[in-house]
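Welcome, and please open the model in your viewer. We will go from selection to selection, and at each stop I will tell you what to look for.

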Amino acid sequence: MGIVSWIVLGLLAGVIAKILLPGRDPGGLVGTTLIGIAGAFTGGWLSAKFLDRPVENQFFDLATWGAAIGGSLVLLIAYRLLFGNSRR
């Protein structure tokens with residue numbers, strides 16, 4: 001998959017992560033979108049590095065989507081933990 005595919009996948013993974021973890025985010029829609037993109041890249045890298053499962057083969061592969069959504073969820077939770085209380 002190319003870089004544009006990972007960005008599109010990250011956007012969709014960010015939306016899915018937001019649906020799975022509803023609530024107010026410190027960064028709003030833009031922050032959640034960027035976290036989704038970063039999560040897709042991070043999840044794909046971790047999957048290839050530690051699970052020996054490269055995910056760059058196909059856009060519609062279940063492992064690719066799982067890695068992207070998982071990475072987005074982890075980054076969204078970390079973001080909420082780090083910056084969630086700073087906005088009042």
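Select Ser47 to begin: is Ser47 buried or exposed? Ser47 is buried, with a relative accessible area of 7%; buried means under 20% relative accessible area, exposed over 50%, and partly exposed in between, with a 1.4 Å probe and protein chains only. Before moving on, a word on what you are viewing: this is a predicted model, in which local features need pLDDT of at least 70 and side-chain atom pairs count only at pLDDT 80 or more, while totals for chains, interfaces and linings use all residues. Residues are numbered from 1 along each chain as its sequence is written, and side-chain values use heavy atoms, leaving out hydrogens and water.

**The whole chain**

Now switch to a cartoon view. The protein chain has 3 helices and 0 strands, in the order α-α-α along the sequence. Helices (H or I, at least four residues) and strands (E, at least two) are DSSP runs, numbered from the N terminus. Of the 88 residues in the protein chain, 31% are buried. Next, show the surface: the accessible surface comes to about 5600 Å², and carbon and sulfur atoms account for 70% of it. That area comes from the Shrake-Rupley method with a 1.4 Å probe; for residues, only the protein chains shown count as cover. Consider contacts too, meaning heavy atoms within 4.5 Å. Among contacts between residues at least 6 apart in sequence, 77% join residues at least 24 apart.

**First helix**

Select residues 3–20, which form α1. This helix has 18 residues and reaches 25 Å from its first C-alpha to its last, close to the 26 Å expected at 1.5 Å a residue; the expected span is 1.5 Å times one less than the number of residues. Colour Trp6, Leu9, Gly10, Ala13, Gly14 and Ala17, which are buried in α1. Looking down the axis of α1, you will find the buried residues within an arc of 145 degrees, so they line one face of the helix. The arc is that of the directions from the helix axis to the C-beta atoms. An α-helix has 3.6 residues a turn, so residues three or four places apart point the same way. Turn to the face of α1 away from its buried side, and you will meet the exposed residues Val4 and Ile19. The buried residues of α1 pack against α2 and α3.

**Second helix**

Select 28–50 for α2. Its 23 residues reach 31 Å from first C-alpha to last, close to the 33 Å expected at 1.5 Å a residue. Among the buried residues of α2 are Gly31, Thr32, Ile35, Gly39, Ala40 and Ser47. Their cover includes α1 and α3.

Two of these residues make good distance stops. Gly31 is buried, with a relative accessible area of 16%, and its C-alpha is separated by 9.6 Å from that of Gly14, 17 residues away along the chain. Return to Ser47, also in α2, and draw a line to Ala68: the two are 21 residues apart in sequence and 9.4 Å apart in space, C-alpha to C-alpha.

**Third helix**

Move on to 62–83, which is α3. At 1.5 Å a residue, the 22 residues of α3 should span 32 Å, and the end C-alpha atoms are 31 Å apart, which agrees. Colour its buried residues, Thr64, Trp65, Ala67, Ala68, Ile69, Gly71, Ser72 and Leu76. What covers them includes α1 and α2.

Stop first at Ala67, which is buried with a relative accessible area of 14%. Ala67 and Phe41 are 26 residues apart in sequence and 8.8 Å apart in space, C-alpha to C-alpha.

Then zoom in on Ser72. At 1% relative accessibility, Ser72 counts as buried. A polar atom of its side chain lies 2.9 Å from the backbone oxygen of Ala68. Leaving aside neighbours within four places in sequence, Ser72 is in contact with Ala13, Gly14, Ala17, Ile35, Gly36, Gly39 and Ala40.

**Last stop: the core**

Which residues make up the largest nonpolar core? Select Trp6, Leu9, Ala13, Ala40, Trp65, Ala68 and Ile69, the 7 residues that form it. A nonpolar core is a set of buried Ala, Val, Leu, Ile, Met, Phe, Trp, Tyr and Cys residues joined through side-chain atoms within 4.5 Å. The elements giving two or more residues to this core are α1 and α3.

Notes: A polar contact is a pair of N or O atoms within 3.5 Å; within protein, one must be able to donate a hydrogen and the other to accept it, and residues adjacent in sequence count only if both atoms are side-chain atoms.
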